[in-house]
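Hi everyone, thanks for coming. Please have the sequence and the 3D view open while I talk, and follow along at your own pace.

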Amino acid sequence: MGSSSEEHAVTHDIRASTQNRYEVTRKDLPLSCPMPGMVKWDSHPRVFLPIDESGEEKCPYCGAVYVLVPEADHIHR
C-alpha cells in the first residue's frame, strides 16, 4: 500500500511540530512524527509511533499528541 497525498491530506502544508494535538485515522498508519506531507525543513528526526494499539501517542521529540479517531469523526482542517 503506497502513500499518496490524498491519504495524508490532513497534514498538507502543515509545519511539523507546530500543533500540540493531531487527529489521525487508520489511513495515516504507520504513524510517524513528523507525518508525510508536513513541511520538515526545521523538524526533528522522524520517529514511528505505535498508536494502533494505544489509540493515543506522544512524540518523544516535540511532545505532539496524536489521537487515533474513526474516519467518520475525522475533521479535515
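Let's start with two charged side chains. Glu71 and Lys27 meet in a salt bridge, with 3.6 Å from N to O. Glu71 sits in the segment after S5 and Lys27 in the loop between S1 and S2, so this pair ties together parts of the chain that are 44 residues apart in sequence. Keep in mind, please, that we are looking at a predicted model.

How exposed are the two partners? Glu71 is partly exposed, with a relative accessible area of 45%, and Lys27 is partly exposed as well, with a value of 45%. In general, side chains of opposite charge can pair when their charged atoms come close.

How many salt bridges does the structure hold? There are two. In the other one, the side chains of Arg21 and Glu23 meet at 3.0 Å, N to O. Arg21 is partly exposed at 45% relative accessibility, and Glu23 is partly exposed at 21%.

Stay for a moment in the segment after S5, where you will find Ala72. Ala72 is exposed, with a relative accessible area of 79%. Now look for Thr25: Ala72 and Thr25 are 47 residues apart in sequence, and their C-alpha atoms are 9.3 Å apart in space.

Now let's zoom out. The protein chain has one helix and five strands. If you read along the sequence, the pattern is β-β-β-α-β-β. Of the 77 residues in the chain, 34% are buried. The accessible surface comes to about 5100 Å², and 50% of that belongs to carbon and sulfur atoms. Here is one more number for the whole chain: take the contacts between residues at least 6 apart in sequence, and 46% of them join residues at least 24 apart.

Next, the aromatic rings. How many aromatic pairs does the structure hold? Just one. Tyr22 and Tyr66 form this pair, and their rings are stacked, at 5.1 Å centre to centre with 15 degrees between the planes. Tyr22 lies in strand S1, residues 21–24, and Tyr66 lies in strand S5, residues 65–68, so the pair ties together parts that are 44 residues apart in sequence. Are these tyrosines buried or exposed? Both Tyr22 and Tyr66 are buried. If you wonder where the two numbers come from, a pair of aromatic rings is described by the distance of the centres and the angle of the planes.

Tyr66 also leads us to a serine. Ser32 touches Tyr66, along with Arg46, Val47 and Phe48, leaving aside residues up to four places away in sequence. You can find Ser32 in strand S2, which covers residues 31–33. Ser32 is buried, with a relative accessible area of 3%. Its side chain has a polar atom that lies 3.1 Å from the backbone oxygen of Pro34.

That brings us to the prolines. Pro34 lies in the loop between S2 and strand S3, which is residues 47–49. What is the peptide bond from Cys33 to Pro34, cis or trans? This bond is cis, with omega near -5 degrees. There is another example: the peptide bond from Leu29 to Pro30 is cis, also with omega near -5 degrees. Pro30 lies in the loop between S1 and S2. For background, most peptide bonds are trans.

Finally, the cysteines. A disulfide is a covalent bond between the sulfur atoms of two cysteines. How many does a search of the whole structure find? The count is zero. Cys33 is in no disulfide, and the nearest cysteine sulfur, that of Cys59, is 3.6 Å away. Why is there no bond between Cys59 and Cys33? The cut-off for a disulfide is a pair of sulfur atoms within 2.5 Å, and the sulfur of Cys59 is 3.6 Å from that of Cys33, so they are too far apart for a bond. As for their surroundings, Cys33 counts as buried at 1% relative accessibility, and Cys59 counts as buried at 2%.

Before you close the view, try finding three pairs yourself: the salt bridge of Glu71 and Lys27, the stacked rings of Tyr22 and Tyr66, and the unbonded sulfurs of Cys33 and Cys59. Thanks for listening!

Definitions and conventions. Residues are numbered from 1 along each chain as its sequence is written. This is a predicted model: local features need pLDDT of at least 70, side-chain atom pairs count only at pLDDT 80 or more; totals for chains, interfaces and linings use all residues. Side-chain values use heavy atoms; hydrogens and water are left out. Rings of Phe, Tyr and Trp (its six-membered ring) pair if their centres lie within 6.5 Å; planes under 30 degrees apart count as stacked, over 60 as edge-to-face and the rest as tilted. Helices (H or I, at least four residues) and strands (E, at least two) are DSSP runs, numbered from the N terminus. Buried means under 20% relative accessible area, exposed over 50%, partly exposed in between (1.4 Å probe, protein chains only). Contact means heavy atoms within 4.5 Å. Accessible areas come from the Shrake-Rupley method with a 1.4 Å probe; for residues, only the protein chains shown count as cover. A polar contact is a pair of N or O atoms within 3.5 Å; within protein, one must be able to donate a hydrogen and the other to accept it, and residues adjacent in sequence count only if both atoms are side-chain atoms. A salt bridge is a side-chain nitrogen of Lys or Arg within 4 Å of a carboxyl oxygen of Asp or Glu.
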